[in-house]
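Okay, thanks everyone for coming. I'll put the structure up on the screen, and then we'll walk through a few parts of it together.

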Amino acid sequence: MRPFLVCIHDATPAYARETLTMVRDLAPLTQRRLSFGVVPDWHGEWPLAAHADYCRLLQEASDELLLHGYFHRRQRGSGPVTWLAEGADEMNGLDREQTRLTLERGQRDFTEVFGKPPQGFLAPAWQRGRVTLKRSCLGLEYVLGFFSLETRAGRSIPLATWAWDCGRWEWLGHAGHAIGAMLQSRDRVPVLAIHPRDLHRGFWPQILRLINRLLDAAYEPVTPAALLRIEC
């Protein structure tokens with residue numbers, strides 16, 4: 001089996017319409033074998049607990065839900081990545097205790113609406129900050145990063161990630177696509193990191209074509225947890 005991952009980032013009721021469009025188009029291709037990076041309270045204005053219908057959509061449309069920060073917006077300090085990522089690097093600027101509290105709060109809210117805690121963590125803007133599975137995992141089993149899938153047990157699976165929402169400039173999406181193609185040539189597991197803004201920026205047809213190319217090449221969609229079972 002040749003696996004690949006499809007993960008929709010920025011899963012929040014703020015992007016409910018975009019989520020519906022992506023789910024509609026991906027359903028016949030993936031048969032729910034995709035994951036969502038869920039933000040418990042997008043920018044402090046969209047708490048999941050207030051949007052039961054949206055939470056139900058995520059559960060019905062996917063096989064796995066990951067914790068994707070808490071606010072998906074940096075709360076303290078700033079830096080070059082903050083500027084490039086338009087303030088999305090939430091975990092940067094947090095010390096170890098603040099990191100622990102953010103993860104703990106996210107897991108609590110996640111569990112409240114979905115009935116069980118998340119297994120995996122997906123850092124906003126790919127910035128893990130001080131998140132370490134050994135020190136601040138709080139029950140997390142893995143971190144899905146840009147270049148690898150890392151587990152609490154110390155395993156690491158190399159990934160080739162395509163990402164089209166790469167910051168404040170639309171043209172960076174072409175660079176993100178090229179990086180994914182280059183990394184896949186090194187025999188890494190393909191990952192499609194999809195964002196709601198990909199629809200607005202015109203990358204959605206390209207993303208669907210890539211999925212179809214992978215399927216035609218005998219790749220099969222899986223979730224991060226399923227990939228870890230395959231690679232055992």
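Let me begin with a question: is R197 buried, partly exposed or exposed? Keep in mind that this is a predicted model. R197 counts as partly exposed, because its relative accessibility is 22%, and the cut-off for buried is under 20%.

So what does R197 pair with? Its side chain meets that of D165 in a salt bridge, with 2.9 Å from N to O. This pair links distant parts of the chain: R197 is in helix 7, residues 197-200, while D165 is in the loop between strand 9 and helix 6, and the two are 32 residues apart. D165, unlike its partner, is buried, at a relative accessible area of 14%. And there's a bit more going on here, since E86, D165, R197 and R201 are linked in a network of salt bridges.

While we're on that topic, how many salt bridges are there by this rule? The count comes to 11. As a general reminder, side chains of opposite charge can pair when their charged atoms come close. I'll show you two others.

One of them is R100 with E97, where the closest N and O atoms are 2.7 Å apart. Those two sit in helix 4, residues 96-114, and because they are 3 residues apart, about one helical turn separates them. R100 is partly exposed, at 26% relative accessibility, and E97 also falls in the partly exposed class, at 41%.

The other is R152 with E141, a salt bridge at 3.9 Å, N to O. Here R152 is in the loop between strand 8 (148-151) and strand 9, and E141 is in the loop between helix 5 (133-136) and strand 7 (142-144), so the pair ties together parts that are 11 residues apart in sequence. For accessibility, R152 comes in at 41%, which is partly exposed, and E141 at 36%, partly exposed as well.

Okay, back to the loop that holds D165. Another residue in the loop between strand 9 (156-163) and helix 6 (172-184) is W169. W169 is partly exposed, with 35% relative accessibility. Together with W83, L84 and W171, W169 makes a nonpolar surface patch of about 450 Å². If you're rotating the model yourselves, have a look at those tryptophans.

Now for the helices. Helix 1 covers residues 16-30, so to speak our opening helix, and has 15 residues. From its first C-alpha to its last, helix 1 reaches 20 Å, close to the 21 Å expected at 1.5 Å a residue. Where does helix 1 bend? The bend is at R24, by about 25 degrees, and a proline, P28, follows within four residues. As for what is tucked away, the buried residues of helix 1 are E18, T19, T21, M22, V23, D25, L26, L29 and T30.

Right after helix 1 comes something for the backbone people. Helix 1 is followed by Q31, which has a positive phi of about 50 degrees although it is not a glycine. Q31 sits in the loop between helix 1 and strand 2 (35-38), and at a relative accessible area of 45% Q31 is partly exposed. R32 has a positive phi too, near 75 degrees, and R32 isn't a glycine either. R32 lies in the loop between helix 1 and strand 2, and R32 is partly exposed, at 36%.

Last stop, helix 8. Helix 8 runs over residues 204-216, 13 residues in total, and reaches 18 Å between its first and last C-alpha, close to the 18 Å expected. Which residues of helix 8 are buried? They are W204, I207, L208, L210, I211 and L214. These residues cover an arc of only 155 degrees around the axis, which puts them on the same side of helix 8. Take L210, in helix 8: L210 counts as buried, at 3% relative accessibility. The C-alpha atoms of L210 and A27 are 15 Å apart, with their positions 183 residues apart along the chain. And to finish, helix 8 is followed by A218, whose phi is positive, near 75 degrees.

That's my tour, and I'm happy to take questions.

How values were computed. Residues numbered from 1 in each chain as written. Predicted model: local features only at pLDDT ≥ 70, side-chain atom pairs only at ≥ 80, totals over all residues. Heavy atoms only, no water. Expected span 1.5 Å × (residues − 1). Bend = angle between axes of the 7 residues up to and from the residue. Buried < 20%, exposed > 50% of the residue type's maximum accessible area, 1.4 Å probe, protein only. Patch = residues over 30% accessible without salt bridge, like charges linked within 9 Å, V, L, I, M, F, W, Y side chains within 5 Å. Areas by Shrake-Rupley, 256 points an atom, 1.4 Å probe, with all protein chains shown as cover. Salt bridge = Lys/Arg side-chain N within 4 Å of Asp/Glu carboxyl O. Arc of directions from axis to C-beta.
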